[in-house]
Amino acid sequence: MTTETTAAREIPTAEWVEIPALYADPYPIYQRLRESAPIHWVPAVDRCLVVGYEASHEIELDQERFSADEEQSLMKRAMGHSMLRKDDPEHDLERKAYGGVLRPKAIKQQWEAVFERNYRTYAERLRAAGPGADLVAEFAAPYAAENLRTVLGLDNASPEDLQRWSQTLIDGTGNYADDPGVWAAAERSSREVDEAMDEMLPVLRDKPDGSLLSVLGASGMPLEALRANMKMTIGGGLNEPRDAVATTVWALLKHPDQLATVLAQSRWQDAFEECLRWTAPIGMYPRQTTRDTEVAGMAIPRGTRLGIVIGAANRDPEVFDDPESYDIDRPRKPHLAFGGGNHFCAGAWVARTSVVRVALPRLFADFPGLRLDPAHPATVGGWVFRGVLTLPVHWD
Ligand code: HEM
């Protein structure tokens, strides 16, 4: 193995890390890993996990050394080859084809009113379910699904279709156990998305409506890439806003003093950004080295599959004081929850508008006395994707 410097440390192996423990609560594991080195070889996940902030940030900014186009990518198998698994200039061409669909002007002119309408629909559903209802199932999940469905332009699909497609495609991208049932479900969803797109494309060609499918369809993007990008955006655009809504509500209900400040000073943006730092909805994403190289004084051979653990980077004590606690008053430093570099989340404005401007302030205004259900505590899980799974709530 040749490296750029000979003084670099070798990457240690952490054979004690196991997937069920990561799923249940990854943070003590990240702490222990970070204490000995910013990068470890973790056999259970067949990758080197990068757990330090500086190392993660350096990697996401440098596609020359760290490619998003990893070999044997499960995402490519589940969804096709989208821009998320391409480097520039190929990635850049496809990202430009997204045009202004997910950007502030379109959100203000077209989508914010849709998010408000969807908010009213699903707030009513939560209310109808009555005190003790699960805020994730009755509100956050269908709200995120219906917002995404409209922005994507899949008028022939239901929010339930979107939820099923998103979950099964994501399960495929994480199917390290090679479970045939998981592949079958992902393949079925992939076919259903293709059929829905095939039906909508001619409709949108005749009557363009500013949706993503309408804009990508008119962009000249080859059909294979168009399908892969739509599937990637279905997989990437639903869970994260759902989890951001539910996890922020949960964090605020667990910290009534901070909730009081947020309500008094309308600090929804701080509540949301601190939630993303504290529990990044996308906890890990992959990269692969294109050559022998070195990061944070550690030698990484060419072809190494890396997991950039932003869930761990966001709690690095070198960057954030008392990083394990949720604290809306901490000095604002950039978290890495939206990624960085050329793959910085294309949906960050959609997320900020639908969660910060619409869902959070309205939920707390429309459900006075919103509180946790002491008899049925919230459940939380995941590490590649992490969030509140169920959130039973009461209100006055
Ligand atoms: C709180 C909510 C969200 C979070 C935390 C989040 C996080 C991320 C992260 C970390 C990446 C980069 C992954 C990588 O480099 O491998 C990413 C990319 C992306 N996200 Fe999001 N996301 C959110 C919401 C959304 C929404 C609502 C949409 C769509 C409407 C969306 C669409 C995308 C797309 C298309 C990419 C690929 C960008 C590219 O390859 O250039 N995201 N997101």
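This briefing walks through the ligand shell, a buried helix, the strands and a few backbone details of the structure above. The model is a predicted one, so please read every value below as computed from it. In brief, the ligand has 28 residues around it, helix H11 is largely enclosed by the rest of the structure, and 5 strands form an open sheet with mixed pairing.

**Around the ligand**

- Of the 28 residues in the shell, the ones that come nearest to the ligand are His91, Arg95, Arg287, His343 and Cys345.
- The side chain of His91 has an N or O atom 2.6 Å from an oxygen atom of the ligand.
- For the side chain of His343, the corresponding distance from an N or O atom to a ligand oxygen is 2.7 Å.
- For the side chain of Arg287, an N or O atom lies 2.8 Å from an oxygen atom of the ligand.
- Two or more shell residues come from each of these elements: helix H5 (90-97), H11, helix H12 (239-254), strand E4 (285-289) and helix H16 (348-366).
- If you like to think in residue classes, the shell holds 17 nonpolar, 8 polar and 3 charged residues.

**Helix H11**

- H11 covers residues 223-236, and its 14 residues should span 20 Å at 1.5 Å a residue. The end C-alpha atoms are 20 Å apart, so the model agrees with that expectation.
- Because 10 of its 14 residues are buried, H11 is largely enclosed by the rest of the structure.
- The buried residues of H11 are Ala225, Leu226, Ala228, Asn229, Met230, Lys231, Met232, Thr233, Ile234 and Gly235.
- H11 is also one of the elements that give two or more residues to the ligand shell.

**The open sheet**

- Reading across the sheet, the strand order is E1-E2-E7-E4-E3. At the edges are strand E1 (39-42) and strand E3 (66-67), each of which pairs on one side only.
- E1 and E2 run antiparallel and share 4 bridges. Among the bridge partners, Val42 is matched with Arg47 in E2, and Ile39 is matched with Val50 in E2.
- The hairpin of E1 and E2 has 4 residues between the strands, and Asp46 takes a positive phi near 60° there.
- Strand E2 (residues 47-50) pairs with strand E7 (residues 305-308) in the parallel sense, over 3 bridges. Here Cys48 has Leu306 in E7 as its bridge partner, and Val50 stands opposite Ile308 in E7.
- The side chains of E2 split into two directions: Arg47 and Leu49 point one way, Cys48 and Val50 the other, and all are buried.

**A second hairpin**

- Strand E9 (residues 379-381) and strand E10 (residues 387-390) run antiparallel and are joined by 3 bridges, with Val380 opposite Val388 in E10.
- This hairpin has 5 residues between the strands, and Gly382 takes a positive phi near 105°.

**Loops and backbone details**

- As background, most residues other than glycine have a negative phi, and most peptide bonds are trans.
- Which peptide bond is cis, with omega near 10°? The bond from Asp88 to Pro89 is the one in question, and Pro89 sits in the loop between helix H4 (74-79) and H5.
- Gln72 is not a glycine, yet its phi is positive, near 50°. Gln72 lies in the loop between E3 and H4.
- Is Gln72 buried or exposed? Its relative accessibility is 68%, so Gln72 counts as exposed.
- Ser266 is another non-glycine residue with a positive phi, of about 50°. Its place is the loop between helix H13 (256-265) and H14, and with a relative accessible area of 54% Ser266 is exposed.
- Thr279 belongs to the loop between helix H14 (268-278) and E4. Its relative accessible area is 4%, which means that Thr279 is buried.
- Which residues does Thr279 contact, leaving aside its neighbours within four places in sequence? They are Tyr27, Thr247, Arg315 and Arg386.

Note on methods. Residues are numbered from 1 along each chain as its sequence is written. This is a predicted model: local features need pLDDT of at least 70, side-chain atom pairs count only at pLDDT 80 or more; totals for chains, interfaces and linings use all residues. Side-chain values use heavy atoms; hydrogens and water are left out. The expected span of a helix is 1.5 Å times one less than its number of residues. Buried means under 20% relative accessible area, exposed over 50%, partly exposed in between (1.4 Å probe, protein chains only). A residue is near a molecule or strand if one of its heavy atoms lies within 4 Å of it. A polar contact is a pair of N or O atoms within 3.5 Å; within protein, one must be able to donate a hydrogen and the other to accept it, and residues adjacent in sequence count only if both atoms are side-chain atoms. Ala, Val, Leu, Ile, Met, Phe, Trp, Tyr, Cys and Pro count as nonpolar, Asp, Glu, Lys and Arg as charged, and the others, Gly among them, as polar. Two strands pair if DSSP finds at least two bridges between them. Contact means heavy atoms within 4.5 Å.
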